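Trainee: I'd like to go through the terms used for this model and see what backs each one up. Can we start?

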Amino acid sequence: MYPVEGNRARIGRDLRDKPGPTSAPPRLRSQLGAFMYGPVKLEDGTSVLGLHLPLLKLDNDPVSVVGALSVLLDSEAMFRLSGIPDPAGETEYLVLFENGAEGTQNILHGSIGVMEDSPVSSEISFPYGHWTIFARPYD
């Protein structure tokens, strides 16, 4: 956890049982590959994206999940550091995450209204899905 100060309560957090419409997916218990999920709203209001990496025991047949490493990314800070939203206030963005395994699509940042004006787009691919970033000038 970085920074540790102010975040100690998040260390060891288990999102598998978090209630609500943005709860972590049930596959946290059994997925054999890495995947991203979210956004998940934490109790303090922070919106995070989760990256889940299972720890596998390979000498069994079948392979079994014996643990996991999960990383929570503060999505607002991540987008702010990447220039989204536009610091100059000239461009409006929409970032969508499509999960390849589930076929689901989540808004990570912005408003679906960006789609109304034929925005430019770019795609970032991951082994577990992709992000599509749409941009249009503010009126």
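Mentor: Here are a few labels, each set against its definition.
This is a predicted model, where local features need pLDDT of at least 70, side-chain atom pairs count only at pLDDT 80 or more, and totals for chains, interfaces and linings use all residues. Numbering runs from 1 along each chain as its sequence is written, and side-chain values use heavy atoms, with hydrogens and water left out.

Trainee: Why is leucine 73 called partly exposed?

Mentor: Buried means under 20% relative accessible area, exposed over 50%, and partly exposed in between (1.4 Å probe, protein chains only). Leucine 73 has 31%, so "partly exposed" is the label.

Trainee: What makes leucine 73 part of a nonpolar surface patch?

Mentor: Patch residues need over 30% relative accessible area and no salt bridge (a Lys or Arg side-chain nitrogen within 4 Å of an Asp or Glu carboxyl oxygen), and nonpolar side chains are joined within 5 Å. Leu73 shares a patch of about 460 Å² with Leu53, Leu55, Val66, Leu69 and Val71. Strand S3 (64-74) gives the most, four residues. Strands are DSSP runs of E, at least two residues, numbered from the N terminus.

Trainee: How do you know that S1 and S2 pair?

Mentor: Pairing takes at least two DSSP bridges; S1 and S2 have five and run antiparallel, so they pair. Lysine 41 stands opposite serine 47 there.

Trainee: What makes S1 and S3 edge strands?

Mentor: The open sheet's order is S1-S2-S3. S1 and S3 each have a single partner strand, so one side of each lacks a neighbour in the sheet.

Definitions and conventions
Patch = residues over 30% accessible without salt bridge, like charges linked within 9 Å, V, L, I, M, F, W, Y side chains within 5 Å. Areas by Shrake-Rupley, 256 points an atom, 1.4 Å probe, with all protein chains shown as cover.
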